[in-house]
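Work through the following exercises with the structure open. Each one gives a task and then a solution in steps.

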Amino acid sequence: MKYLIVGLGNPGDEYANTRHNVGFLVLDCLANKVGGHFSTERYAELNKIKYKSHILILVKPNTYMNLSGNAVRYWLEKENVTLENLLIVLDDIDLPQGQIRLKAKGSGGSHNGLNHVIQTLGTEDFPRLRIGIGSNFPRGMQVDYVLGKWSIEEEKIMKPVIFEAANAILSFVNLGIEKTMNMINTKKNSPLENQLE
């Protein structure tokens with residue numbers, strides 16, 4: 001079974017370790033634990049991992065956030081992955097920092113990257129893993145906030161959250177979306193039982 005796991009973010013050193021790039025950080029964490037290496041391919045940094053009986057295709061788009069849909073559509077079609085086996089991993093300012101939510105479908109809200117994926121695929125019906133980064137910014141400063149670097153205090157909070165999100169991806173693959181939603185959506189900040197074996 002193939003799964004396309006796409007972490008949203010922006011390429012380049014200037015965007016590394018910013019709040020908007022938490023999708024990249026989760027995929028890096030997953031790759032570090034399960035194996036494989038990212039290589040530069042069309043529209044993305046790509047890492048194919050064999051995990052148990054599954055193939056996980058990890059994608060970090062290099063199109064920049066607002067054109068993320070180009071990478072998603074290309075690799076979805078190239079690898080012949082179904083929409084139900086697509087998982088988008090992204091930051092969410094509407095969730096408190098450190099909260100994780102898995103949804104089977106829905107709108108993109110204020111997230112330009114997710115909205116471009118929806119626009120490009122022509123549907124909202126695909127799973128997404130939302131990672132709360134909070135909204136501790138003055139009115140009109142959203143862009144500066146999401147493109148800002150984590151503080152030392154935030155890094156301490158987010159490190160276990162990123163690990164939990166990587167576990168959530170493996171739970172999604174192993175147990176399916178419904179069971180994984182029941183496990184993580186009812187918790188505030190309680191890490192999943194470790195799936196990284």
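The exercises below concern a predicted model and go from the whole chain to single residues.

**Exercise 1. Overall dimensions**

Determine how the radius of gyration of the chain compares with that of a compact globule with 197 residues.

Solution.
- Step 1. For 197 residues, the rule for a compact globule gives a radius of gyration near 16 Å.
- Step 2. The chain has 15 Å, which agrees with the rule.
- Step 3. The C-alpha trace spans about 45 × 35 × 30 Å along the principal axes.
- Step 4. Of the 197 residues, 52% count as buried.
- Step 5. Take the contacts between residues at least 6 apart in sequence: 70% of them join residues at least 24 apart.

**Exercise 2. The order of elements and the sheet**

List the elements along the chain, then give the order of the strands in the sheet.

Solution.
- Step 1. The chain contains six helices and seven strands.
- Step 2. Read from the N terminus, the succession is β-α-β-β-β-α-β-β-α-β-α-α-α.
- Step 3. In space, seven strands make an open sheet with mixed pairing, ordered β2-β3-β4-β1-β5-β7-β6.
- Step 4. β2 and β6 (100-103) are the edge strands, each pairing on one side only.
- Step 5. From one strand to the next, the twist averages 25°.

**Exercise 3. Parallel and antiparallel pairs**

For the pairs β3 with β4, β1 with β5 and β5 with β7, state the direction and locate a residue pair.

Solution.
- Step 1. β3 and β4 run antiparallel and are joined by eight bridges. Asparagine 47 stands opposite leucine 58 of β4.
- Step 2. β1 and β5 run parallel, with four bridges between them. Here isoleucine 5 faces leucine 87 of β5.
- Step 3. β5 and β7 are also parallel, and five bridges join them. Valine 89 has leucine 129 of β7 as its bridge partner.

**Exercise 4. The burial of β5**

Decide how many residues of β5 are buried and how they divide between the two faces.

Solution.
- Step 1. Seven of the seven residues of β5 are buried.
- Step 2. One side carries Leu86, Ile88, Leu90 and Asp92.
- Step 3. The other side carries Leu87, Val89 and Asp91, and both faces are covered.

**Exercise 5. The two sides of α2**

Explain why the buried residues of helix α2 can be assigned to the same side.

Solution.
- Step 1. In α2 (residues 68-78), the buried residues are Ser68, Gly69, Ala71, Val72, Trp75 and Leu76.
- Step 2. They cover an arc of only 160° around the axis, so they lie on the same side of α2.
- Step 3. Glu77 and Lys78 are exposed on the other side of α2.
- Step 4. The cover over the buried residues of α2 includes β1 (2-7), β2 (39-41), β3 (44-51), β4 (54-61), β5 (86-92) and α3.
- Step 5. Asparagine 80 follows α2 and has a positive phi, near 55°.

**Exercise 6. Glycine 113 and lysine 159**

Classify glycine 113 and lysine 159 as buried or exposed, and place each in its surroundings.

Solution.
- Step 1. Glycine 113 belongs to helix α3 (residues 112-121). Its relative accessible area is 0%, so glycine 113 is buried.
- Step 2. Other buried residues of α3 include Leu114, His116, Val117, Ile118 and Thr120. Among the elements that cover the buried residues of α3 are α2, β5 and β7.
- Step 3. Beyond its neighbours within four places in sequence, glycine 113 contacts Leu8, Met65 and Ser68. Serine 68 is 45 residues away in sequence, yet the C-alpha to C-alpha distance from glycine 113 is 5.6 Å.
- Step 4. Just after α3, glycine 122 has a positive phi of about 75°.
- Step 5. Lysine 159 is part of helix α5. The cut-off for exposed is over 50%; lysine 159 has 64% relative accessibility and therefore counts as exposed.
- Step 6. Lysine 159 and cysteine 29 are 130 residues apart along the chain, with 9.7 Å between their C-alpha atoms.

**Exercise 7. The packing of α5 and α6**

Describe the geometry of the packing between α5 and α6 and the residues that make the contact.

Solution.
- Step 1. Helix α5 (residues 152-175) packs against α6 at an angle of about 145°, with the axes 7 Å apart.
- Step 2. α5 contributes Ala168, Ser171, Phe172 and Leu175, while α6 contributes Ile177, Lys179, Thr180, Met183 and Ile184.
- Step 3. By class, this contact has six nonpolar, two polar and one charged residues.
- Step 4. Helix α6 (residues 177-184) also lies across β6 and β7 (128-132), and runs at about 155° to β6.

Notes:
Residues are numbered from 1 along each chain as its sequence is written. This is a predicted model: local features need pLDDT of at least 70, side-chain atom pairs count only at pLDDT 80 or more; totals for chains, interfaces and linings use all residues. Side-chain values use heavy atoms; hydrogens and water are left out. Buried means under 20% relative accessible area, exposed over 50%, partly exposed in between (1.4 Å probe, protein chains only). Contact means heavy atoms within 4.5 Å. The arc is that of the directions from the helix axis to the C-beta atoms. Two strands pair if DSSP finds at least two bridges between them. Axes are lines fitted to C-alpha atoms, for helices over the stretch in contact, and angles run from 0 to 180 degrees between N-to-C directions. Ala, Val, Leu, Ile, Met, Phe, Trp, Tyr, Cys and Pro count as nonpolar, Asp, Glu, Lys and Arg as charged, and the others, Gly among them, as polar. The radius of gyration is taken over C-alpha atoms; the globule rule is 2.2 Å times the number of residues to the power 0.38.
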